[in-house]
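Colleague: Got a minute to go through this model with me? I have a few quick things to ask.

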Amino acid sequence: MKKTKRVTRNLMIVGASLISLMVLIAIFAPYIAPQDPNIMSLADRYQGMSWQHPFGLDENGSDVLAKVVYGARVSLAVSLSVVSLSIVIGLVLGSFAGYFGKFWDGFIMRAIDMIQAFPNFLLALALVAVMGPSVRNVIIAMCLTSWAGFARLVRGEILYLKEKEYVSSALAIGASHWRTIVLHIWPNLVGAIVVNASFAMAGTIIAESGLSFLGLGAPPTTPTWGALLNSGRKILEEAPHVSIFPGLAILILILGFNLFGDGLRDYLDPKS
Amino acid sequence: MFNYIIRRLLVTLPVILGVCTLTFLLIHFVPGDPIDIMLGDQASTVDKEALRSQLGLNQPLLVQYKNFLWQISHLDLGQSLHSKSSVTSILSERIPATVELTVAAMFFAILFGIPLGIIAAVKQYSTVDNSILVTSLFGISLPGFFLGPMLIWIFAILLPLFPVSERGGIENLVLPALSLALPLGAIILRMTRTQMLEEIKQDYIRVARSKGLSDFPVYFKHALRNALIPVITIIGLQVGALLTGTVITETIFDWPGIGSLLLQAIQQRDYPIVQGCVLLIALTYVIVNLFTDISYAIVNPKVRLS
């Protein structure tokens, strides 16, 4: 048992390092990119890897490394906003449903059921399709779909935690309901929420890149991994590097969040 | 059992209604006037009003909703704005290709997922287990829009083993199905492994072993049967992801199914088709989940009695 604990902790560290690596790349994008991602030089299009352009050039002669590092900014910013907004909405609505029950519970749970009846990506795709592609709409659409998972999680935990003695004692000494929820119940949810947030980050990054891949994400002037992969798939024969590098970047980031979430879940699990 | 099925059906009805409601509301998420977006700014007022009354958008919301539900119950999803043919007939033309692709993907996922999951569990903490787990982690983390192009690059361009795209014989099916199957296979693998490990710890396994049974019947006759029950649920739950994944996979591989139809309709702002595709995928997902739950109850008596 000791050994598995060490293994899960190591996995967590590997995951956290991969995430930190990508966060650092995103923060220092202007210093890492050899040139502006929107500079084109059609004469050199499809050029392979070189010292000047380590990841080569794409079909417009733009630098792929520059697009990959700036793309990290979009992916991380979008997924961070979506996941944090979803956690806030999920916490408030889930607490309402779980703690106060009755009408609120029925109402909020039906809304959750309705949203979760759709496959996640499908609903986000349909919403962006009607609202029009833009970073703001991508964030709105993904929030509308992903708060439901957090709300369900919070509600379930609160149903269990509100029966605890420390909750009734907090109420007995005169704490208000919301004070009890925020100060006494929420701190117990941190572990479960962080684990789920890690998986949600992975899911949101895949969804965001998927939307940009389909041309439904940020406008073409904003470099995104999805858009880069989409232009790359049409020129696989001439310039496979246009697909390989953004794909590896996505893989590293997703792997980071999955490893971190897996490791943390096993680490917090009292059974192991 | 009969009671359970009735109860489960009754729970599904409001969900189906919810799916229809949300799909109906989709077109009202269009910022501004949906008619302007569908026809463009240059369209004449007469054309706009004609389309508005064709889509029923000039009526009060509740009347529109009632008509929408009435039409759906008669399998009438309206008319494509682009080709003018009925949405139902366009969808039914596209269904076989998507069914073929998803069934093949499911087949690959189960073919690799379950045996590898069993091997990993039986050899827990060995090098074999670790390498299977690491591979499955990559499987979960590889999005289809990266995996698909890489499969094309490696198996169609570098080593010309398979044709790149379009529907045809079995060889055309391999690459798209594999690219769709990998994440699902990885999830099935992990679930099978976890459940097998759970079962191996149980008392009845110890009894079977103390009777002198060898490894093979213990794992396959006793543990596997119980371990697979939750795996069925996971497979059912993943059908939604599989169906949605077809939007990306079919686009990459030029596969003439529902997924590529949806994307094409989105690009042409053909909202009746978008609605039709979304409704079709979501309802399929709801119904698959219903059947999953029922079959789960058939194999696991604990569920239907609680």
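Modeller: Sure, one term before we start: buried means under 20% relative accessible area, exposed means over 50%, and partly exposed is in between, with a 1.4 Å probe and protein chains only. This is a predicted model, where local features need pLDDT of at least 70 and side-chain atom pairs count only at pLDDT 80 or more, while totals for chains, interfaces and linings use all residues. Residues are numbered from 1 along each chain as its sequence is written, chains are lettered from A and ligands numbered from 1 in the order in which they are written, and side-chain values use heavy atoms, with hydrogens and water left out.

Colleague: Is Cys277(B) buried or exposed?

Modeller: Cys277(B) is buried, at a relative accessible area of 0%.

Colleague: And how many disulfides are there over all chains?

Modeller: Zero, taking a disulfide as a pair of cysteine sulfur atoms within 2.5 Å. For Cys277(B), the nearest cysteine sulfur belongs to Cys20(B), 15 Å away. Cys20(B) is buried too, with a relative accessible area of 5%.

Colleague: Switching topic: where is Glu250(B)?

Modeller: In helix α10 of chain B, residues 215-252. Helices here are DSSP runs of H or I, at least four residues, and strands are runs of E, at least two, numbered from the N terminus.

Colleague: What is the nearest side chain of opposite charge to Glu250(B)?

Modeller: Arg94(B), 5.8 Å away, and Glu250(B) is buried without a salt bridge. That term needs a side-chain nitrogen of Lys or Arg within 4 Å of a carboxyl oxygen of Asp or Glu. On charge, Lys and Arg count as positive, Asp and Glu as negative, and His and the chain ends are not counted.

Colleague: Which side chain does Glu250(B) join in a polar contact?

Modeller: Thr98(B), at 2.8 Å. The Glu250(B) side chain also reaches the backbone nitrogen of Gly259(B) at 2.7 Å. A polar contact is a pair of N or O atoms within 3.5 Å; within protein, one must be able to donate a hydrogen and the other to accept it, and residues adjacent in sequence count only if both atoms are side-chain atoms.

Colleague: Last one: how much do chain A and chain B bury between them?

Modeller: About 3,700 Å², 82% of it on carbon and sulfur atoms. Buried area is the accessible area (1.4 Å probe) that two parts lose on being put together, summed over both. Phe118(A), Val130(A) and Leu236(A) supply 16% of what chain A buries against chain B, more than any other three residues.

Colleague: Which side chains meet in a salt bridge there?

Modeller: Arg190(B) and Asp262(A), at 2.5 Å, N to O. The rule finds one salt bridge across that interface.
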